[in-house]
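This report describes selected features of one protein model for a reader who is new to structural analysis. Please keep the sequence and the structure in view while reading.

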Amino acid sequence: MAAQAQIGIIGGSGLYQMEALTDIEEVRVDTPFGSPSDAIILGTLDGIRVAFLARHGRGHTLMPTELPFRANIYAMKSLGVEYLISASAVGSLKEAAKPLDMVVPDQFIDRTRNRVNTFFGEGLVGHITFGDPVCNALAGVLADAVESLELPDVDLHRGGTYVCMEGPAFSTKAESELYRSWGATIIGMTNLPEAKLAREAEIAYATLALVTDYDCWHPDHDSVTVEMVIGNLQKNAVNAQRVIREVVNRIAANPPESEAHSALKYAIITPWDKAPKATLEKLNLLIKKYLP
């Protein structure tokens, strides 16, 4: 498939569409890993072509464990995406990160159990470096964009650790206190598999984490109602669209250099002549520039 968008957006809970998009085209992408969560929406944002995907489907029909992470990232790669912005609802593990705040995390802790988070296997072994799990250059653009907008009732937190849990149930209080003791900032259920797969696909990836409420550790947590959380989701979605629009314009004007764009250069261990032909064909989109 010909390249159609340099910038991709994955919208999480509450962000199922980008209202400012024009010249919209829905694209159903078939991948070796099945179908993505939904059709990818190709559209124009201030004259810039972007690809948008509702992570859980536009009707929010997919649980975190059910998400076709590999298909989602592969589909973005097939459309030419080089920069991927992930907007995600999260709970806060720190008093300072209050509801409606935005966090641009720079670290992850993996607490998932039932996720496939690599494209490799079936006779081809690859080990990406992942000490810095998000693209620092893209994260910087994202954080600068948030600051420039001076959103009301929103404080920006640059950096922080995102705990990625399995779900769908939220944490117990003991788990929440454990994550706080680790110094983690926020908790969610989706972004770590995306970050790993995006790195394997040589796509620069960064998270815009949108705080909806405090996790269950907070002494006033019982006063937070479902209605309040939904209300915060809706406010976050409006704010997120403003931020994403600003980020898209900044990337288009000055695409940041990213180490992610050459992540596989030294990652693949298996000699090419030892890898099964079927696997090489399956992953051709990701590895073709390194094939002899």
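## Aromatic residues

In this predicted model, one aromatic cluster is formed by F33, Y74 and F119. Across the whole structure, the search finds five aromatic pairs.

An aromatic ring also takes part in a contact with a charged residue. R180 lies over the face of W217, and the distance from the ring centre is 3.7 Å.

## Strand β9 and its neighbours

Strand β9 comprises residues 161-165, and five of these five residues are buried, so the strand is largely enclosed by the rest of the structure. In a regular strand, side chains alternate between the two faces of the sheet. Both faces of β9 are covered: on one side T161, V163 and M165 are buried, and on the other Y162 and C164 are buried as well.

Strand β9 has strand β7 (residues 107-111) as a parallel partner, and five bridges join the two. Within this pairing, D110 has C164 of β9 as its bridge partner. Strand β9 also runs parallel to strand β10 (residues 186-188), to which three bridges join it. Here V163 is matched with I187 in β10 as its bridge partner. Together with helix α3 (residues 173-181), β9 and β10 make a β-α-β unit that is right-handed.

## Strand β11 and its neighbours

Strand β11 spans residues 204-214. Of its 11 residues, 11 are buried, so β11 is largely enclosed by the rest of the structure.

Two pairings of β11 may be described. With strand β5 (residues 83-92), β11 pairs in the parallel sense over 10 bridges; in that pairing, the bridge partner of G91 is D213 of β11. With strand β6 (residues 102-104), β11 pairs in the antiparallel sense over two bridges, and the bridge partner of V103 is A209 of β11.

## Cysteines and disulfides

A disulfide is a covalent bond between the sulfur atoms of two cysteines. How many disulfides are counted in this model? The count comes to zero.

Why does C135 form no such bond? The closest cysteine sulfur to that of C135 is in C164, and because the distance is 19 Å, the two are too far apart for a bond. C135 is buried, with a relative accessible area of 6%. For C216, the closest cysteine sulfur is likewise in C164, at 17 Å, which is too far for a bond. C216 is also buried, and its relative accessible area is 14%.

Methods: Residues numbered from 1 in each chain as written. Predicted model: local features only at pLDDT ≥ 70, side-chain atom pairs only at ≥ 80, totals over all residues. Heavy atoms only, no water. Buried < 20%, exposed > 50% of the residue type's maximum accessible area, 1.4 Å probe, protein only. Helix = DSSP H or I, 4+ residues; strand = E, 2+ residues; numbered from the N terminus. Pairing = 2+ DSSP bridges. Right-handed = clockwise from strand over helix to strand, strands pointing away. Phe/Tyr/Trp six-rings, centres within 6.5 Å; stacked < 30°, edge-to-face > 60°. Lys NZ or Arg CZ within 6 Å of the ring centre and 35° of its normal. Disulfide = S-S within 2.5 Å.
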